[in-house]
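Got the viewer open? Let's take a walk through this one together, picking a selection at each stop.

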Amino acid sequence: ALDVQVGSVRQQVAKLVKESLNATVPEVADVEPLVSACNNAKNGDYQCNNAMGIWAKIKGKDARFKNPNAIGQELARNLPESAVVESTSVAGPGFLNVVLSTLWIEQKIHQMLKHGVSCWAPVLTVERAVVDFSSPNIAKEMHVGHLRSTIIGDSIASMLEYCNVTVLRRNHVGDWGTQFGMLIEYLFEEFPNWEEIQEQAIGDLQVFYKKAKAKFDADPEFKKRSQKAVVSLQGGEEKYVLAWRQICNISRREFNVVYERLHVTLEEKGESFYHPYIAGVLKELEEKNLIEESEGARVITVPGHTIPLLVVKGDGGFNYASTDLSALWYRLNEEAAQWIIYVTDVGQSQHFDMFFKAAKRAGWLPEDESKYPKVKHVGFGLVLGTDGKRFRTRSSEVVRLVDLLDEAKSRSKQGLVDRGREGEWTPEELEDASEALGYGAIKYADLKNNRTTNYTFNFDQMLDIRGNTAVYLLYAHARICSIIRKSGKDIEELKQTGTLKLSHPSERQLGLQLVRFGEFVEDALTDLLPNTLCEYLYSLSGMFTEFYTICKVINSEEETSRLLLCEATATIMRECFKLLGITPLYRL
Ligand code: ARG
């Protein structure tokens with residue numbers, strides 16, 4: 001019988017190690033098990049590195065132990081009897097190596113096939129999180145930076161959801177700024193009948209924005225009226241609010257097209273939503289004596305920064321920081337979020353660092369950053385063109401996201417047509433596959449890099465069927481599905497009746513990689529680096545290839561077992577795709 005199992009494999013091994021630590025050195029309280037995968041498979045599957053740390057604490061105080069190796073030996077002896085562990089060994093200064101039971105791995109895989117991947121989810125301490133991502137600005141362009149934020153944020157949210165965290169997916173759109181004064185005035189001027197017109201009549205909002213801005217810069221009269229309009233809007237005057245809403249609706253419709261195409265769901269709570277809370281929040285900060293006067297403005301000084309955080313401008317208006325402080329207050333108090341994650345380009349690091357510190361001064365966040373509630377700025381690098389410069393179109397315009405999606409899709413479609421799929425598939429199938437490949441390629445190319453680095457947007461590279469790309473991985477997955485189809489066996493029935501045996505070393509290696517899925521999700525979430533999961537997926541695919549090159553599947557003696565291993569691999573690949581926002585394909 002299997003133990004009651006929760007958490008990743010590493011968490012399960014750590015649990016055993018923890019029991020052993022308690023039994024071995026009860027005098028050392030609160031020692032956390034240090035368990036990681038072995039770098040060298042020859043040593044074992046996992047290793048425990050506690051012995052040296054314990055040695056440093058008890059050296060000379062415990063006659064049982066003459067050196068760290070002796071502690072390692074004792075830890076091995078005290079490891080509880082369990083179905084998880086096959087054998088242990090102790091090396092050098094007390095490294096405890098653990099070899100997992102192959103039978104246990106087999107059973108775990110079988111369990112996953114029967115009950116679904118949710119049974120492999122790591123256990124996290126957080127229950128409720130906000131992921132603030134995408135967050136474009138109304139009437140300004142939604143650019144590749146927002147695309148990165150959308151892709152990375154969606155993946156982080158999905159990984160948290162996989163781990164049973166309630167995630168509030170928040171679109172913090174910039175819908176409340178001084179730019180609305182000029183937009184509204186320009187709307188009144190260009191469209192005297194603005195209340196009746198269809199929103200489409202305004203046309204491209206970016207062009208509209210540019211024209212309004214040009215007028216704002218050139219015409220002092222217009223500038224003055226625009227500034228008054230901001231006051232009227234913020235004062236809630238109906239006419240201005242209606243015009244504002246109309247402009248927001250146009251942007252919203254454009255954003256939604258992108259979200260729908262990318263299958264990203266998120267809920268808009270823009271800057272305007274938090275506006276009613278700002279006064280109260282500032283009052284609280286005022287009462288805590290955090291707000292000072294500086295050159296007519298109101299500021300909060302924060303440690304480690306030479307300039308203070310501006311929270312009320314000289315003209316009495318609120319800004320990005322006052323909005324973010326209020327949004328944080330709301331998320332902590334009204335939404336009871338324990339972990340609040342902000343996904344923007346690294347250019348905003350200073351802003352986040354400053355307002356996090358202000359929140360700490362206010363006592364909203366604990367000094368000890370390992371305690372909840374926590375905040376985290378997930379910064380990412382620039383998107384570069386193949387020329388190494390900031391990604392722009394030839395006419396040095398900002399690249400429109402829909403154009404990028406269109407191109408990725410049409411290139412993928414051409415690839416499929418070149419492979420003769422046009423005649424074989426229905427037009428819908430061709431469309432769906434082109435989208436899965438094209439959008440998947442864009443997402444994976446973004447996610448596979450460490451997010452903090454700049455990344456080069458290159459269609460040829462991301463659509464390369466032989467590289468580390470979504471296209472390669474989607475083909476690999478489809479190939480596994482086709483092996484199962486070609487066997488002619490009913491895989492659902494095999495899951496119920498068949499047995500899985502990891503006999504060949506390449507099978508065991510693949511099986512071990514499969515059961516480790518949960519801990520890679522855990523690692524990706526610890527540092528909020530989705531590339532960790534991409535690396536896992538790519539190496540899983542490589543291990544499958546190795547297995548399939550060596551081991552015969554169809555018509556072999558081990559056919560049933562190996563088909564189950566194929567199915568398990570395909571299932572975990574699909575779960576990775578899901579967490580990366582990629583739509584799987586079953587044939588290609
Ligand atoms: N609208 C901002 C931008 O485009 C991003 C907002 C990020 N979220 C936040 N709570 N500040 O740069």
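Before the first stop, one yardstick: the expected span of a helix is 1.5 Å times one less than its number of residues. Keep in mind, too, that you are looking at a predicted model.

**Stop 1: a helix to try the yardstick on**

Select residues 9-24, which make up helix 1. Helix 1 has 16 residues, and from its first C-alpha to its last it reaches 22 Å, close to the expected 22 Å. Now color its buried residues: Val9, Arg10, Gln12, Val13, Ala14, Leu16, Val17, Ser20, Leu21 and Thr24. As you look at them, remember that an α-helix has 3.6 residues a turn, so residues three or four places apart point the same way.

**Stop 2: zoom out**

Show the whole protein chain. You should find 22 helices and 14 strands, with the C-alpha atoms filling a box of roughly 85 × 75 × 40 Å along the principal axes. Of the 588 residues in the chain, 42% are buried.

Next, color by domain: domain 1 is 9-100, domain 2 is 126-175 + 177-266, domain 3 is 270-371 and domain 4 is 445-580. If you put a distance label between the C-alpha centres of domain 1 and domain 3, it should read 45 Å.

**Stop 3: strand 5 and its partners**

Select residues 128-132, strand 5. Is this strand mostly covered or uncovered? Mostly covered, with four of its five residues buried.

Add residues 166-171, strand 6, which pairs with strand 5 in the parallel sense over five bridges. To see one of the contacts, pick arginine 128 and its bridge partner in strand 6, threonine 166. Getting from strand 5 to strand 6, the chain passes through helix 5 (residues 144-162), making a right-handed β-α-β crossover.

Now add residues 339-345. This is strand 11, and it also runs parallel to strand 5, paired over four bridges. Here aspartate 132 has tyrosine 342 as its bridge partner.

**Stop 4: along the crossover**

Follow the chain out of strand 5 and pause at serine 134, in the loop between strand 5 and helix 5. Its phi is near 70°, positive in a residue other than glycine. For background, most residues other than glycine have a negative phi. Serine 134 counts as buried because it has 29 C-beta neighbours inside 10 Å, where 20 or more are needed.

Carry on into helix 5. This one has 19 residues and reaches 27 Å from first C-alpha to last, close to the 27 Å expected. How many of its residues are buried? 18 of the 19, so helix 5 is largely enclosed by the rest of the structure.

Just after helix 5 comes asparagine 164, with another positive phi, of about 65°. It sits in the loop between helix 5 and strand 6. With 13 C-beta neighbours inside 10 Å, asparagine 164 counts as partly exposed.

**Stop 5: the ligand**

Select the ligand and show the residues around it: Asp132, Ser135, Pro136, Asn137, His172, Gly174, Asp324, Ala327, Tyr342 and Thr344. You've already met Asp132 and Tyr342 as bridge partners. The shell divides into three nonpolar, five polar and two charged residues. Helix 11 (320-333) and strand 11 each supply at least two of them.

Why does the ligand's place fall between domain 2 and domain 3? Because both domains give residues to the shell around it.

**Stop 6: a run of antiparallel strands**

Move to residues 297-300, strand 9. Arg298 and Ile300 form its covered face, while Ala297 and Val299 form the uncovered one. Strand 8 (residues 291-294) pairs with strand 9 in the antiparallel sense over four bridges, and serine 294 stands opposite alanine 297. The hairpin they form has two residues between the strands, and there glutamate 295 takes a positive phi near 50°.

Strand 9 also pairs with strand 10 (residues 309-312), antiparallel again, over three bridges. For a pair to highlight, isoleucine 300 stands opposite leucine 309.

**Stop 7: two last picks**

Select tyrosine 372 and proline 373: a cis peptide bond joins them, with omega about -5°. Proline 373 lies in the loop between helix 12 (349-361) and strand 12 (374-380).

Finish at glutamate 429, in helix 15 (residues 427-447). It has 14 C-beta neighbours inside 10 Å, so it counts as partly exposed. Draw a line from its C-alpha to that of alanine 336: the two are 93 residues apart in sequence and 44 Å apart in space.

Conventions:
Residues numbered from 1 in each chain as written. Predicted model: local features only at pLDDT ≥ 70, side-chain atom pairs only at ≥ 80, totals over all residues. Domains from an automatic or database assignment. Buried ≥ 20, exposed ≤ 12 C-beta atoms within 10 Å, placed from the backbone. Pairing = 2+ DSSP bridges. Right-handed = clockwise from strand over helix to strand, strands pointing away. Near = placed C-beta within 6 Å. Nonpolar A, V, L, I, M, F, W, Y, C, P; charged D, E, K, R; others polar.
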